[in-house]
Structures are given as structure tokens and as C-alpha cells.
Amino acid sequence: MFKADSKRYEKLPYDRLGYSGLMVAPISLGLWHNFGGAAAFENCREMVTGAFNLGVTHFDLANNYGPPPGSAETMFGKILASDLKSYRNELLIATKAGYDMWPGPYGDFGSRKYLLSSLDDSLKRMGLDYVDIFYHHRPDPQTPIEETMGALDAAVRSGKALYAGLSNYNATQLKAARAVLKEQKTPFVVNQVKYNMFDRAAELEMVQTAEVLGIGLLIYSPLAQGLLTNRYLNGVPQDSRAGGNSVFLKRDDVSNEMMQKVVALSKLAAARGQTVTQLALAFVLRHSSVSSVIIGASRLAQIEECHRTMENLTLSSKELEAIELILQ
Ligand SMILES: NC(=O)c1ccc[n+]([C@@H]2O[C@H](COP(=O)([O-])OP(=O)(O)OC[C@H]3O[C@@H](n4cnc5c(N)ncnc54)[C@H](OP(=O)(O)O)[C@@H]3O)[C@@H](O)[C@H]2O)c1
């Protein structure tokens, strides 16, 4: 029987997600990879309960995480049932719909029919009555924005979600969606976007737009799927994402040029008493509109290393200049 560490809430700070009452720690755990049908239950359980013991309360899922699609939610549901049932009120559980999920015209993008039936399926897979955040996973250029935002609103009004979220919306799309959500009085709290040292598009507009609108940013792939760690410094390990079957990170994505940058960043990190992983997370967390980084992991030790980022979050202007030079 899992019993959570009684000191878990002394290990991370919690802050509000944008202009909302919902609090989140700077580190969240995502279940995109390593939680699918082929994953070992014990390892998944160790990561989720281990993260919770470290003060991580937010777990990020989507209908299609696996493979096969849906299996990460099923795995998470098993962990909830075996270990975390009595902690439900302490957990911030998020799921999404917006990518291809089932065949035919009703299993993709942003119709009301897709979003609401997908949410029902997600709840069944996880054995939950409600999720804390239900996201539209990506913008839909074909469906009227009022319909998609109306579906998010209906999800909340039905009690099957507490808050609405968006993901992968650019600044213009975010403003348009937010105007509809505001008119509907939907409790909308977050845009979830990709941002890391190797992919800095979010710096152009999103970081400032979220700040101005009072919307929290949750950042996915803050370690560039593992490229911004020591994982690939001596080749591509077989048990790594790039060494496995992921269609999202392939062997060829690990370039010499990138690894040279990681070596240089590692030296800079060492001078701060950090690893390159921790430097990469501190870099993303330096913006006030960034509420949390959603890390992925294949073992608990990785989560523990990420967690220790909190020991040094401050980056001096000199360090930021040195980082810019390396990333150029
Ligand atoms: N909204 C969206 O469209 C969207 C898209 C993508 C992701 N997401 C969310 O964001 C989450 C995180 O994405 P991500 O997995 O790409 O994040 P990431 O944190 O950039 O990469 C995670 C990978 O980095 C490696 N890693 C993590 N910590 C490490 C450490 N301390 N030392 C060495 N390697 C380490 C692991 O690779 P190995 O597995 O090789 O060990 C891990 O699987 C997802 O789970 C999902 O919840 C959302």
C-alpha cells in the first residue's frame, strides 16, 4: 500500500497558473512516452509515485498517448487505482483531444462530437469522474472556433473537467480563442506549448502574450525530448527514445553539431554546480509566465535529477550571454 512522503509539499514551490487560483509546481510529469502498452507497470508506478513524493502534483496525458493510443491513460488509471486513489484531491490530472484518435470523420481535430466523446473515453480509461484540465490539443483550421471552445465549455459545465486548456495555439489563435472563452465565462487557465534551448519559437510572442493575457504557460519537451541531457553524448543508447521506435525522435535527429552544443552547455552548467539537464530546465523556467515544465522520463532517477534544478534557478546576464553564444 503506497503511503506518500509526509514532507512532499516542502520540496517544491507552488504558484498560480496565470491569473487563476490553480496552483502548480515548476516541475510536472508527462506520460507521452514510456507509459504505453509495452511499458513495465512497476517502472511506471515508481515514476508516478516517486514524482508525487517529490511534490509533483501535475500529471499530463492525452487521449492518444501510448502506443497504442489510449494506453498511457489506461496505465495511469491502473496506478491511480493501486496507489493514488486516496490522493485524488491532491492531483492535477490533465488530458487532451485534438489529434487523430479513431477512424472516420469524428476522431480528429476540434468538433464538439470528437472532443466530448473523447473526454468520456479518457475518463473511462483512467477510472475518473473528472479531469482537472481538459485541453484542445491543437488548433483546427476547419471547425468554427465557437464550436471548439463551446465543447470545452460544455466539458467544464458537465463537471467532467474543472478547467479548460489549449495546446499548440499560436499568439493570434490564443487571443481569438480566449475572447470566445471569456465571453462564455469558461474557466480557461493555460496554453501548453513547446519550448527549449533548441526550439525557441515561444520566445517570439507566446511568452509575452501569455503574460499580458494572464494565462499560464506549461512547457512541453523542455529537454528537446532528451537531446538536452547527457543521454546522447556517447552515441545513441538502445534504451533511449532516439534508440527505440519513437516516430518523434529518430537516430538521425541526434546530430554532432547539437552534441557539441550540449558539451559546451554541460561545462557552463558544471560551473554552476548543475548538469546540462538542470541548466536547460532553469533556462525555460526563467520567464515569469512559464508556470511549469512538463518533463518526460524513462526512470525515476531522471525525475530526481530534474527536481534538483530547483536548487539553482537564477541565471545571471553573463550566463545568459554565454548560453546565447553556444546556441547561436
Ligand atoms: N501538447 C503537446 O502537443 C505535447 C507534445 C509533446 C509532449 N507533450 C507533453 O510533454 C511531456 C514531456 O515531453 P517530452 O517527453 O518530449 O519531454 P522532455 O523532458 O523534453 O524529454 C523527455 C526525455 O528526456 C530524457 N530525460 C529526462 N530527464 C532526463 C535526465 N535527468 N537525464 C537524462 N535524460 C533525461 C528521457 O529520455 P529517454 O526516454 O530516452 O530516457 C525522457 O523520456 C510529454 O510527456 C507530454 O505530456 C505535449
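**Figure 1. The shell around the ligand and where its residues come from.** Helix H9 gives the shell its largest share, three residues. Helices here are DSSP runs of H or I with at least four residues, strands are E runs of at least two, and both are numbered from the N terminus. H9 covers 300–307, and strand E10 (290–295) joins it in supplying at least two residues of the shell. This is a predicted model, so keep its filters in mind: local features need pLDDT of at least 70, side-chain atom pairs count only at pLDDT 80 or more, and totals for chains, interfaces and linings use all residues. Residues are numbered from 1 along each chain as its sequence is written. There are 31 residues around the ligand, and Gly-30, Trp-32, Tyr-220, Gly-226 and Gly-296 come nearest; a residue is near the molecule if its C-beta atom, placed from the backbone, lies within 6 Å of it. By class, the shell has 17 polar, ten nonpolar and four charged residues. Ala, Val, Leu, Ile, Met, Phe, Trp, Tyr, Cys and Pro count as nonpolar, Asp, Glu, Lys and Arg as charged, and the others, Gly among them, as polar.

**Figure 2. Helix H2 and its buried face.** H2 runs over residues 71–84, and its 14 residues reach 18 Å from first C-alpha to last, close to the 20 Å expected at 1.5 Å a residue (the expected span is 1.5 Å times one less than the number of residues). Ala-72, Glu-73, Met-75, Phe-76, Ile-79 and Leu-84 are buried in this helix. Down the axis of H2, the buried residues fall within an arc of 155 degrees, so they line one face; the arc is that of the directions from the helix axis to the C-beta atoms. Buried means 20 or more other C-beta atoms within 10 Å of a residue's own, exposed means 12 or fewer, and partly exposed is in between, with C-beta atoms placed from the backbone. The cover over these buried residues includes helix H1 (41–53), strand E4 (58–60), E5 and H3.

**Figure 3. Two cis peptide bonds ahead of H2.** Pro-67 lies in the loop between E4 and H2, and so does Pro-68. The Gly-66 to Pro-67 bond is cis, with omega about -5 degrees. Another cis bond joins Pro-67 to Pro-68, with omega about -10 degrees.

**Figure 4. The loop between E5 and H3.** Gly-107 sits in this loop, with strand E5 at 92–97 and helix H3 at 112–126. Gly-107 counts as partly exposed, with 19 C-beta neighbours inside 10 Å. Beyond its neighbours within four places in sequence, Gly-107 touches Asp-100, Met-101, Trp-102 and Tyr-114 (contact means C-beta atoms, placed from the backbone, within 7 Å). Phe-109 is in the loop too. Phe-109 isn't a glycine, yet has a positive phi of about 70 degrees, and is buried with 22 other C-beta atoms within 10 Å.

**Figure 5. Asp-132 in strand E6.** The strand spans residues 131–136. Asp-132 is buried, with 20 other C-beta atoms within 10 Å. Setting aside neighbours within four places in sequence, its contacts are Leu-92, Ile-93, Ala-94, Leu-162 and Tyr-163. Leu-22 is 110 residues from Asp-132 in sequence, but their C-alpha atoms are 9.8 Å apart.

**Figure 6. Gln-225 in the loop between E9 and H7.** Strand E9 (216–220) and helix H7 (256–271) flank the loop that holds Gln-225. Though not a glycine, Gln-225 has a positive phi of about 65 degrees. Gln-225 is buried, with 23 other C-beta atoms within 10 Å.

How values were computed: Contact = placed C-beta atoms within 7 Å.
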